[in-house]
Amino acid sequence: TTGAIAGRSYFIRVLTSGTSSFTLTFGANIKSTGTLATGTVTARVFVVQWISDGTNLYESSRTVAMVA
């Protein structure tokens, strides 16, 4: 997240595959509402969005598991 531009929005899209559940954690300068657990259902999509202040990224939205 180094070099994030203040006022700009950033997002990640996570696509699940297989039957294993994974937990995503975010770095210190990413201010999120918590970890993201993918669950064990395959072909699900999660989207997490942040807005930068130039130093930190602040989570502004997160989807539930959507069918891919």
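**Exercise 1. What percentage of the 68 residues in the chain is buried?**

Solution. Keep in mind that this is a predicted model. Counting a residue as buried requires a relative accessible area under 20%. By that cut-off, buried residues make up 21% of the chain. For the wider setting, the C-alpha atoms fill a box of roughly 35 × 20 × 20 Å along the principal axes. The chain exposes about 4400 Å², with 58% of that area supplied by carbon and sulfur atoms.

**Exercise 2. Work out how many helices and strands the chain has, and in what order the elements run.**

Solution. Start with the count: there are seven strands and zero helices. Then read from the N terminus, and the order is β-β-β-β-β-β-β. Now turn to the contacts between residues at least 6 apart in sequence: 52% of these join residues at least 24 apart.

**Exercise 3. Place Ser52 in the chain, then decide: is Ser52 buried or exposed?**

Solution. First, locate Ser52 in strand E5, which covers residues 44–52. Next, take its relative accessibility of 4%; because this is under 20%, Ser52 counts as buried. Then look at its surroundings: beyond four places in sequence, the contacts of Ser52 include Ala4, Ile5, Ala6 and Leu57. Finally, check Ile5 in detail: its backbone oxygen lies 3.4 Å from a polar atom of the Ser52 side chain.

**Exercise 4. Do the same for Ser60: which strand holds it, and which residues does it touch?**

Solution. Ser60 sits in strand E6, residues 57–62. Its relative accessibility is 41%, so Ser60 counts as partly exposed. Leaving out residues up to four places away, Ser60 touches Gln49, Trp50 and Ile51. As a last step, compare positions with Thr33: the two residues are 27 apart along the chain, and their C-alpha atoms are separated by 9.2 Å.

Conventions. Residues are numbered from 1 along each chain as its sequence is written. This is a predicted model: local features need pLDDT of at least 70, side-chain atom pairs count only at pLDDT 80 or more; totals for chains, interfaces and linings use all residues. Side-chain values use heavy atoms; hydrogens and water are left out. Helices (H or I, at least four residues) and strands (E, at least two) are DSSP runs, numbered from the N terminus. Buried means under 20% relative accessible area, exposed over 50%, partly exposed in between (1.4 Å probe, protein chains only). A polar contact is a pair of N or O atoms within 3.5 Å; within protein, one must be able to donate a hydrogen and the other to accept it, and residues adjacent in sequence count only if both atoms are side-chain atoms. Contact means heavy atoms within 4.5 Å. Accessible areas come from the Shrake-Rupley method with a 1.4 Å probe; for residues, only the protein chains shown count as cover.
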